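This report concerns the charged pairs, one helix and one surface patch of the structure shown below. Please keep the model in view while reading.

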Amino acid sequence: QGEPILALNYLACGLQELACRLTGNTEVGPRVASVLGALLAGTCLLGWLLRRGCVPLAAFGGAGLLLLDPVFAQSYRGARVDCWVFAFIFLTCWLIRRAAADGRRGDRLNFSLVAAGVTLALAGLCWPSAILLVPLVIHELIATCQPKFTRSSFAVFMPHLITLGAASAVALLLLLVPVWSSVWASLISMGGVMSSVSHKASLLSSVQTIAGCYRLSPWVLALGIVGFFIPSSRLLGVAFLLGALGVGLTSPYIHRALYLLPYLLLSISCLIAFLTQQRSSRPVFVKTGLAALAILLCWSSALTLGARTWFAWRQREARSPERLMEVAQAGIGARKVSVYTYCWEFYYVGRQLGWRQFLLYNLLPDQESAALPKLLPNMDFAILREGDPSNRLIQTVLQQAGFVLTRRIQAGGEAGRGNIVPRGRFGAVGYGEYLIYAPGALPRVTGEQRDQRELLPQTNNADGDR
């Protein structure tokens, strides 16, 4: 529609924006903030599992698996805000457990349950995908009423659900006061986004996509599913299926499938607790539980602490932010311009140089080809990544709008060509060659000049000295 997306989920994004400004518009602040959010999430998960009565071994194992999981590590190391959603959801479940203990002591006004409603609202205002964890919260509320949900426990469950829902609704309304003037526009905007990401896919296709997202942590997925079959986790299995259905209906990808991890970790913790509590009758169960936990922790540690660190060290020069700064300064420079690009890696660099960056969000190819011509007249430049599959469509629209290719720039110069990691391998994709487009009023690049690739000067060390 040619309008910016107005999201109601402003809390975590506002925190990341503050961290970014405090560090001079660099990526350091948001990444540190995400790591702190991940640590808070791990702490809340540990407290929740201990409050549930899990043996300390299972509780510490679950919290450790969360922080070391390759999928979750990719999220918080990339400065995403999913960790804050997890932290507030785990805190909500922790408070629900505490509310159950307060109720058994005879407290008439359960402040812990009210606080759980507030933290649930905070999770919802961090990121829209928090809704995928609502079944986990409802499961926890049911589990605190009675281990087996029956008609008799329904009378206990409903007042707790009403209290939790009312507290969450009130907190949500109060937290929306600062952005109240844009609530309606945000709802319309988010409705358009949801309609664009929702799709009808076959069950097999959705299952394959979700399983593929956990290719780096297959043991977590496998053991988590096994854990759903123990008697105490069957209701959790139903909640997991509801969460998986939500993921499958909204264009599943790795950072959305990540929201199934809390279900899996709780299932694994319950499975480890179930096995290790058989000490008196079946010692083999204890050894099996300990071996499974050790394998999971070693696997996750090897990938997150070992392989990722090795890849980062090997690419420390090719993936230095200075390489992007060199491309940006050579191609556009430091000035207030509007730039259309899907190259997310230029976000922080562009902010430092004064750019305003735009991207059409989650549109199908035919929708993008219809919407992009309306946006391009307001753009001064466009940046594409050489070899990207979507380039053909975008380049056609750029040519129709009068944009021409003005520069081809290889990040890192000729030395950067040998440091590109192909897609599909473990680790981040290395920087490559970028195409700079501008309106045709600027000097046009001839066909012969397009074949002559312009390279930046090579750097002699990691500090960027020439």
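## Salt bridges and their surroundings

Arginine 385 has a relative accessibility of 14% and therefore counts as buried, the cut-off for that class being under 20%. The model is a predicted one. Glutamate 345, at 10% relative accessibility, likewise counts as buried. These two side chains form a salt bridge in which the closest N and O atoms are 2.9 Å apart. The pair links distant parts of the chain, 40 residues apart: glutamate 345 is in the loop between β1 (338-341) and α17, whereas arginine 385 belongs to strand β3.

The count of salt bridges comes to 11. Three of them are set out below.

| Acidic residue | Basic residue | N to O distance |
|---|---|---|
| Glutamate 345 | Arginine 385 | 2.9 Å |
| Glutamate 140 | Arginine 52 | 3.1 Å |
| Glutamate 326 | Arginine 323 | 3.2 Å |

What does the salt bridge between glutamate 140 and arginine 52 (3.1 Å, N to O) bring together? Glutamate 140 lies in helix α7 (residues 134-145) and arginine 52 in the loop between α2 (28-51) and α3 (56-68), so the salt bridge ties together parts that are 88 residues apart in sequence. Both glutamate 140 and arginine 52 are buried.

The pair of glutamate 326 and arginine 323 lies within a single element: the two residues are three apart in helix α16, and are therefore separated by about one helical turn. An α-helix has 3.6 residues a turn, so residues three or four places apart point the same way. Glutamate 326 and arginine 323 are both buried. Salt bridges with shared partners join Glu317, Glu322, Arg323 and Glu326 into one network.

## Helix α16

Helix α16 spans residues 321-331, and its buried residues include Leu324, Met325, Val327, Ala328 and Gly331. The buried residues of this helix pack against α17 (347-353) and against three strands, β3 (381-385), β4 (403-410) and β5 (433-439). Just after α16, glycine 333 adopts a positive phi of about 95°.

## A nonpolar surface patch

A nonpolar patch on the surface is formed by Val28, Val32, Val35, Leu36 and Leu39, which together have about 410 Å² of accessible area. One of these residues, valine 35, lies in helix α2. Is valine 35 buried or partly exposed? Valine 35 has 34% relative accessibility and so counts as partly exposed, a class that runs from 20% to 50%.

Conventions: Residues numbered from 1 in each chain as written. Predicted model: local features only at pLDDT ≥ 70, side-chain atom pairs only at ≥ 80, totals over all residues. Heavy atoms only, no water. Buried < 20%, exposed > 50% of the residue type's maximum accessible area, 1.4 Å probe, protein only. Helix = DSSP H or I, 4+ residues; strand = E, 2+ residues; numbered from the N terminus. Contact = heavy atoms within 4.5 Å. Salt bridge = Lys/Arg side-chain N within 4 Å of Asp/Glu carboxyl O. Patch = residues over 30% accessible without salt bridge, like charges linked within 9 Å, V, L, I, M, F, W, Y side chains within 5 Å. Areas by Shrake-Rupley, 256 points an atom, 1.4 Å probe, with all protein chains shown as cover.
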